[in-house]
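Trainee: I'm new to this one and would like a close look at a single part. Could you take me through the sheets and what sits around them, step by step?

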Amino acid sequence: YDHRNSIQQLELPQRKAALIVPAFETLHYRLTFPKSKAELLSMLDMGSLYTFRYHVWPKGHAPTDYAKWRTATVPYRVAWQPDFEPYVVVRRDCPRYDQRFVGFGWNKVSHIMELDAQEYELLVLPNAFMIHMPHAPSFDISKFRLSAGYRGCLQTLREEFHQDLSRRYGAAALKYLTAERSL
């Protein structure tokens, strides 16, 4: 399958789009990487692969709509949802990650929120995929889990980020704050 050709057909230089690469994971330390989508789907059905973070944080990738992806042959658009943090391919001139969110927590979530606020289309690639391999927990996720201070700082940064979005995008940014408050 020629990814380059299908991506060129999207005419990205003329449109603002974030290409979502559906993410999967394995709990095995060794894995023969699937050579095709069909092979990946059979591994998924056999239980040797899972949709990414399905067991611990399904909200992060649920908007990708894996059920739709299974049969998709063309890129499809998905809507932003709270806590969505897909892996994306974007043009170099897209908004940068917010540097407040270093370490663990909210780096990808805030980036996707900003892309959505700037009216980027969120397009899921039908034949691309990535697989996360198991590894030891990062130092930062350990700090997040163990330190109320770390979590408190992250909450403060999230509130600041929302205020900045409101200043930059006005009423359009209200949906992010409303979504956050209803969680």
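Mentor: Let's start with one term: two strands count as paired if DSSP finds at least two bridges between them. Keep in mind too that this is a predicted model.

Take the sheet of four strands to begin with. This open sheet has the order 4-6-1-5, and its pairing is mixed. At its edges stand strand 4 (76–78) and strand 5 (87–89), each pairing on one side only. Direction ignored, neighbouring strands in this sheet are turned by 45° against each other on average.

Now walk across it. Strand 4 and strand 6 pair in the antiparallel sense, with three bridges. Here arginine 77 has leucine 123 of strand 6 as its bridge partner. Next, strand 6 meets strand 1: these two run parallel and are joined by four bridges. One spot to find is isoleucine 20, which stands opposite valine 124 in strand 6. Last comes the pairing of strand 1 (residues 17–21) with strand 5, antiparallel over three bridges. Look there for valine 21, whose bridge partner in strand 5 is tyrosine 87.

Pause on strand 6 (residues 121–124), because it's covered on both faces: Glu121 and Leu123 are buried on one side, Leu122 and Val124 on the other. That split fits a general pattern: in a regular strand, side chains alternate between the two faces of the sheet.

On to the other sheet. Three strands make up this open one, in the order 3-2-7, again with mixed pairing. Strand 3 (50–51) and strand 7 (130–132) are at the edges with a single partner strand each, so one side of each has no neighbour in the sheet. Strand 2 (residues 23–25) pairs with strand 7 in the parallel sense, over three bridges. In that pairing, alanine 23 sits opposite methionine 130 of strand 7.

What packs around here? The buried residues of helix 2 do: they pack against strand 2, strand 3, helix 3 (66–71) and strand 7. In helix 2 (residues 37–46), those buried residues are Lys37, Leu40, Leu41, Met43 and Leu44. Seen down the axis of helix 2, they fall within an arc of 160°, so they line one face of the helix. The general reason such spacing works is that an α-helix has 3.6 residues a turn, so residues three or four places apart point the same way. Turned away from the buried side of helix 2 is a face carrying the exposed residues Ala38, Asp45 and Met46.

Check both ends of that helix as well. Serine 36 lies in the loop between strand 2 and helix 2. Serine 36 has a relative accessible area of 30%, so it counts as partly exposed. C-alpha to C-alpha, serine 36 is 8.1 Å from asparagine 127, though the two are 91 residues apart in sequence. Just after helix 2 comes glycine 47, with a positive phi of about 90°.

One more stop, away from the sheets. The axes of helix 5 (residues 139–146) and helix 6 (residues 148–169) come within 5 Å and cross at roughly 95°. Helix 5 and helix 6 are therefore roughly perpendicular to each other. Helix 5 makes the contact with Asp140, Lys143, Phe144, Arg145 and Leu146, and helix 6 with Ala148, Tyr150, Arg151 and Leu154. Sorted by class, this contact of helix 5 with helix 6 has five nonpolar, four charged and no polar residues.

Methods. Residues are numbered from 1 along each chain as its sequence is written. This is a predicted model: local features need pLDDT of at least 70, side-chain atom pairs count only at pLDDT 80 or more; totals for chains, interfaces and linings use all residues. Side-chain values use heavy atoms; hydrogens and water are left out. Axes are lines fitted to C-alpha atoms, for helices over the stretch in contact, and angles run from 0 to 180 degrees between N-to-C directions. Angles under 35 degrees count as roughly parallel, over 145 as roughly antiparallel, 65 to 115 as roughly perpendicular and the rest as oblique. Contact means heavy atoms within 4.5 Å. Ala, Val, Leu, Ile, Met, Phe, Trp, Tyr, Cys and Pro count as nonpolar, Asp, Glu, Lys and Arg as charged, and the others, Gly among them, as polar. Buried means under 20% relative accessible area, exposed over 50%, partly exposed in between (1.4 Å probe, protein chains only). The arc is that of the directions from the helix axis to the C-beta atoms.
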